[in-house]
Amino acid sequence: MPVEIIPTGAALGAEVRGLDLSRPLSDDDFEAVLQAWYDHIVLLFRRQKISDDDLIGFSRRFGDLDIAPASATDMAGSQTKSRPEIWIISNVVEDGKPIGALGDKEAEWHTDMSYVDEPPMASCLYSLEIPDSGGDTSFANMYKALEELPDDLRAAIEGRVCNHDSSTTSVGELRAGANEVIDVTKAPGAKHPVIRTHPATGGKSLYLGRRLNGYIEDLPVAESEALLDRLWAHCAKPEFAWTHQWAVGDLLIWDNRCAIHRRDAFDGSQRRVMHRAQIKGKQPF
Ligand code: SIN
């Protein structure tokens with residue numbers, strides 16, 4: 001069956017039909033997927049029945065994998081049950097211990113693991129169990145957000161560097177071993193250009209990480225806060241976004257270099273279990 005690419009019609013995202021990810025992709029099919037991914041930033045594959053090894057195998061076609069990020073809770077249980085490359089995102093608690101990270105709360109707009117010097121270029125998320133409603137994941141196109149930035153805002157960030165705080169998760173919880181940030185100028189994390197260039201497409205995009213404890217270097221804190229508030233309000237506009245309502249067996253792969261994402265909260269009495277792999281990236285420039 002030929003591979004079909006069906007754009008969502010929103011600012012980003014496309015569905016890929018005709019592929020079974022439990023089998024290795026041919027080089028031609030992978031090339032089609034890669035090009036579609038560069039064009040659409042987020043790809044959706046529905047009705048997949050894959051193991052962790054298949055998820056790792058598919059993700060590895062894009063590059064070497066990163067190990068899972070640190071969470072608020074001790075993840076030892078879940079990681080050893082699976083593989084160090086697989087991050088379990090779940091609200092399920094077994095024997096008094098969460099089997100995964102992020103619980104049932106809203107995860108705010110963010111880019112995965114941008115608080116390290118070489119953040120993962122992509123994340124690949126596969127759904128095993130989902131609640132009846134809620135827990136939708138939204139993505140926003142940061143090429144478009146930059147293209148449509150008001151001139152004064154663009155001038156204010158041109159050549160600037162932002163610190164991406166590493167102390168909290170995307171649901172706003174302190175990571176294991178982290179201290180609360182009192183002064184954003186001293187927050188731990190990694191410094192990256194606010195406007196980055198995609199190494200494969202050459203496109204320029206906004207690269208902000210997450211709002212909490214962000215700091216634009218060399219500015220007075222009040223000025224940095226005001227700029228970041230304006231930038232985040234702009235990035236979160238609905239015209240840059242697309243929202244995915246999950247079904248069991250959906251797999252999404254997104255490009256962290258030119259997209260941000262967020263997740264809705266959901267009813268904590270229902271189970272949500274997702275497995276994620278993250279593909280290594282290079283230092284943003
Ligand atoms: C994430 O990778 O940030 C979580 C997304 C989700 O749980 O849908």
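Trainee: When do two strands pair in this predicted model?
Mentor: The model is predicted. Two strands pair if DSSP finds at least two bridges between them. E9 and E19 run antiparallel. The number of bridges joining E9 to E19 is two.

Trainee: Which residue in E19 is the bridge partner of His110?
Mentor: E9 covers residues 107-110. E9 is joined to E19 by two bridges. The partner of His110 in E19 is His261.

Trainee: What is the strand order in the open sheet of four strands?
Mentor: The pairing is antiparallel. E9 and E17 (241-244) are the edge strands, and each pairs on one side only. Neighbouring strands are turned by 15° against each other on average, direction ignored. The order is E9-E19-E11-E17.

Trainee: How many bridges join E11 to E19?
Mentor: E11 spans residues 137-141 and E19 spans residues 259-263. Ala140 stands opposite Ile260. Thr137 stands opposite Arg263. The strands run antiparallel, and the number of bridges is five.

Trainee: Why is E19 largely enclosed by the rest of the structure?
Mentor: Buried means under 20% relative accessible area. On one side, Ala259, His261 and Arg263 are buried; on the other, Ile260 and Arg262 are buried. E19 is therefore largely enclosed, since its buried residues number five of the five.

Trainee: Which strands stand at the edges of the sheet of three strands, E13-E12-E16?
Mentor: This open sheet has antiparallel pairing. Two bridges join E12 (residues 161-165) to E16, and Asn163 stands opposite Tyr215 in E16. Each edge strand has a single partner strand, so one side of each lacks a neighbour in the sheet. The edge strands are E13 (189-193) and E16 (215-216).

Note on methods: Residues numbered from 1 in each chain as written. Predicted model: local features only at pLDDT ≥ 70, side-chain atom pairs only at ≥ 80, totals over all residues. Heavy atoms only, no water. Axes fitted to C-alpha atoms, helices over the stretch in contact; angles between N-to-C directions. Buried < 20%, exposed > 50% of the residue type's maximum accessible area, 1.4 Å probe, protein only.
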